[in-house]
Amino acid sequence: MKSLRVELTDTLAYWTVVDDDWVPVPVADAYLRHLRLGADRAEGTTRTYAGDLACYLGWCEASGRDLVAGAKALSMFVAMLRTTPVTRAGSGQGRVRGPGRINHLLAAVREFYKHAVADGGLDATVLVSLFEVGDDRNLPAELRPEGSGLRYRARPRHVQRSRRAGRPVPVRIEEAEALLGVCRCWRDRFLLVLLWFCGLRVGEALGLRRSDLHLVPTATTLGCSTPGPHVHVVGRDNPNRARAKSGDRVVPVRAEVLSCYDRYLPERAACPAAEGCDFVLVNLAHSPLGQPMTSDSVRKWLSLLSTRAGLERRATPHMFRHATATELLARGASIDVVKELLGHSSIRATEVYLHPDVDALRAAVDSLGPIDLGEAAR
């Protein structure tokens with residue numbers, strides 16, 4: 001079993017699971033197609049899920065199990081994941097999967113089964129092998145919803161104990177300044193300051209159209225009532241596969257973004273191939289000239305830029321997003337404001353940035369004050 005990209009239009013595609021003869025697996029294809037079209041999830045989401053389902057369905061096929069038998073023996077699948085090194089190319093190749101990765105993979109399997117049941121492909125009794133039903137009778141009264149009776153909930157049967165997620169790794173300001181210092185064009189500087197000050201995901205930045213940039217004091221003539229310079233992050237399907245994960249939002253911008261954009265425009269105008277392209281960030285020095293940049297090219301460029309700047313580690317686009325969130329919270333911005341700026345769907349996603357630094361931890365310990373150790377210490 002393997003995953004395969006299926007192009008529906010020039011801007012719309014999803015990933016599916018095919019067998020060794022490159023024939024789509026119907027029940028998996030139906031779920032992944034629903035995920036992309038029915039649930040409006042990003043293409044990258046279907047790519048991840050397709051890879052996970054290819055792993056699970058391949059295990060079912062190799063062990064001679066159908067989907068019902070596979071669900072009943074899911075603990076054996078977990079044992080395989082914990083003991084078998086990854087063969088697929090990537091950063092984890094040659095290593096066994098950790099608890100967090102296994103939990104993500106099992107979540108994809110459970111969602112796949114839920115869709116198969118809802119779609120009529122499997123009987124609902126298969127879900128008993130995946131979930132156990134509990135109730136809230138033992139919860140304290142204050143934790144139960146007011147005026148409600150006994151509530152039942154389903155929880156996964158197979159969950160690995162995973163360590164607490166590590167803190168996000170932000171790019172430091174000295175690293176950002178070093179990267180800016182070795183940029184060879186204003187387009188690159190514009191992209192870096194856009195990531196630093198706006199906290200955009202790389203897909204959101206690369207999906208920006210020129211019509212999304214309202215870099216003027218007032219844009220009422222454009223039909224926009226938002227005051228001050230800002231950019232509109234818009235969820236749409238793009239030919240470079242860039243996509244706004246959290247839908248539409250407005251992000252204010254600082255003067256540095258405006259300054260770099262003004263200097264980038266002459267560079268863009270000097271590339272005739274970019275004249276008919278509405279994307280903000282386009283290729284200026286390599287093919288396809290004038291076409292929108294892709295996330296893969298940005299990651300490779302940022303890795304080379306890190307080496308050129310003499311950094312001890314490779315910077316990634318998401319490290320800039322982490323830096324934006326960390327700096328905003330450290331400077332007193334409320335968590336609900338940071339949530340809206342970053343486009344998080346839940347405030348719990350923003351809470352991971354609420355971590356004190358070492359100095360704050362030291363100050364907290366020192367604030368406990370002295371204690372008398374008694375005569376033996378004198």
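I began with strands β6 and β7 in this predicted model. Strand β7 covers residues 249–252, and its pairing with β6 is antiparallel, with 4 bridges. I looked up one position in that pairing: histidine 230 has proline 252 of β7 opposite.

Next I turned to the other neighbour of β6. Strand β5, residues 213–214, pairs with β6 over 2 bridges, again in the antiparallel sense. Here I noted that leucine 213 has valine 231 in β6 as its bridge partner.

I then put the strands together. The sheet is open, has 3 strands and runs in the order β5-β6-β7, with antiparallel pairing. β5 and β7 are the edge strands, as each pairs on one side only.

I checked which way the side chains of β6, residues 230–233, point. His230 and His232 go one way, Val231 and Val233 the other. In a regular strand, side chains alternate between the two faces of the sheet. I also noted that His230, Val231, His232 and Val233 are all buried.

My last entry is on the loop between β6 and β7, where I found asparagine 240. Is asparagine 240 buried or exposed? Its relative accessible area is 9%, which is under the 20% cut-off, so asparagine 240 counts as buried.

I followed the side chain of asparagine 240 to two backbone oxygens: that of methionine 293 at 2.8 Å and that of leucine 206 at 3.3 Å. Setting aside neighbours within four places in sequence, I listed the contacts of asparagine 240 as Leu206, Phe279, Pro292, Met293 and Thr294.

Conventions
Residues are numbered from 1 along each chain as its sequence is written. This is a predicted model: local features need pLDDT of at least 70, side-chain atom pairs count only at pLDDT 80 or more; totals for chains, interfaces and linings use all residues. Side-chain values use heavy atoms; hydrogens and water are left out. Buried means under 20% relative accessible area, exposed over 50%, partly exposed in between (1.4 Å probe, protein chains only). Two strands pair if DSSP finds at least two bridges between them. A polar contact is a pair of N or O atoms within 3.5 Å; within protein, one must be able to donate a hydrogen and the other to accept it, and residues adjacent in sequence count only if both atoms are side-chain atoms. Contact means heavy atoms within 4.5 Å.
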